[in-house]
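Q: Got a minute to walk through a structure with me? I'd like to start with the charged pairs and then wander around a bit.

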Amino acid sequence: SGEQLKEIEAMAALFFSPSDIAINLELEDPEAFCAMLELKTGEAYRAYRKGRLRTEAELRSAIRQAALNGSSPAQQMMISFLKDSDV
């Protein structure tokens, strides 16, 4: 349901595991939910990824700001992000 998708996104944004999300949603078959996410298709997977990516973007923005303010560890993390993102 739409409400479950919102809850999946919200919990994924807090980096809860798929099995913890399934338990919280009181799904009858948590293993099936986890398997569905592993297939990387469907609305539940998109909600899960959207939540995780949203928080990751927020964290990277904070790290970027710290790097611009002179934090050496944050600068190293930004360099690592840069290297990891090269195609």
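A: Sure. A salt bridge here is a side-chain nitrogen of Lys or Arg within 4 Å of a carboxyl oxygen of Asp or Glu. Keep in mind that this is a predicted model.

Q: Fine by me. How many salt bridges turn up in the whole structure?

A: A search of the whole structure gives two. In one of them, the side chains of arginine 54 and glutamate 9 come together at 3.7 Å, N to O. Arginine 54 sits in helix α4 and glutamate 9 in helix α1, so this pair ties together parts that are 45 residues apart in sequence.

Q: And glutamate 9, is that buried or exposed?

A: Glutamate 9 is buried, at 18% relative accessible area. The cut-off for buried is under 20%. Its partner arginine 54 counts as partly exposed, at 38% relative accessibility.

Q: What does glutamate 9 touch, leaving out residues up to four places away in sequence?

A: Glutamate 9 touches Ala47, Lys50, Gly51 and Arg54.

Q: OK, what about the salt bridge of glutamate 56, which residue is on the other side?

A: That's arginine 60, and the side chains meet at 2.9 Å, N to O. Both residues are in helix α4, four residues apart, which means about one helical turn separates them.

Q: Why does that spacing matter for where residues point?

A: An α-helix has 3.6 residues a turn, so residues three or four places apart point the same way.

Q: Are those two buried or exposed?

A: In between. Glutamate 56 is partly exposed at 32% relative accessibility, and arginine 60 is partly exposed as well, at 33%.

Q: Back to α1. Which residues are buried there?

A: Ile8, Glu9, Met11, Ala12 and Ala13 are buried in α1. The cover over the buried residues of α1 includes α2 (18–24), α3 and α4.

Q: And alanine 10, where does that stand?

A: Alanine 10 lies in helix α1 too, but counts as partly exposed, at 34% relative accessibility. Alanine 10 and tyrosine 48 are 38 residues apart in sequence, yet their C-alpha atoms are 8.3 Å apart in space.

Q: What span should α1 have, going by 1.5 Å a residue?

A: Helix α1 covers residues 2–13, so its 12 residues should span 16 Å. The end C-alpha atoms are 17 Å apart, which agrees.

Q: New topic: how do α3 and α4 pack?

A: Helix α3 (residues 30–38) and helix α4 (residues 43–68) pack at an angle of about 75°, and their axes are 9 Å apart. That makes α3 roughly perpendicular to α4, because angles of 65 to 115 degrees count that way.

Q: Which residues meet there?

A: On the α3 side you have Phe33, Met36 and Leu37, and they meet Ala44, Tyr45 and Tyr48 in α4. The residues of that contact divide into six nonpolar, no polar and no charged.

Q: Now the backbone. Which way does phi usually go?

A: Most residues other than glycine have a negative phi.

Q: So where do I find positive ones in this model?

A: Phenylalanine 15, which follows α1, has a positive phi near 65°. Glutamate 26 is not a glycine either, but its phi is positive at about 55°. Lysine 40 is another non-glycine with a positive phi, about 60°.

Q: Where do glutamate 26 and lysine 40 lie?

A: Glutamate 26 is in the loop between α2 and α3, while lysine 40 is in the loop between α3 and α4.

Q: Buried or exposed, those two?

A: Both are exposed: glutamate 26 has 69% relative accessibility, and lysine 40 has a relative accessible area of 57%. The cut-off for exposed is over 50%.

Q: Last one. What about leucine 59?

A: Leucine 59 is in helix α4. At 45% relative accessibility, leucine 59 counts as partly exposed.

Q: How far is leucine 59 from isoleucine 79?

A: Leucine 59 and isoleucine 79 are 15 Å apart in space, C-alpha to C-alpha, and 20 residues apart in sequence.

Conventions: Residues numbered from 1 in each chain as written. Predicted model: local features only at pLDDT ≥ 70, side-chain atom pairs only at ≥ 80, totals over all residues. Heavy atoms only, no water. Axes fitted to C-alpha atoms, helices over the stretch in contact; angles between N-to-C directions. Helix = DSSP H or I, 4+ residues; strand = E, 2+ residues; numbered from the N terminus. Parallel < 35°, antiparallel > 145°, perpendicular 65-115°, else oblique. Contact = heavy atoms within 4.5 Å. Nonpolar A, V, L, I, M, F, W, Y, C, P; charged D, E, K, R; others polar. Expected span 1.5 Å × (residues − 1). Buried < 20%, exposed > 50% of the residue type's maximum accessible area, 1.4 Å probe, protein only.
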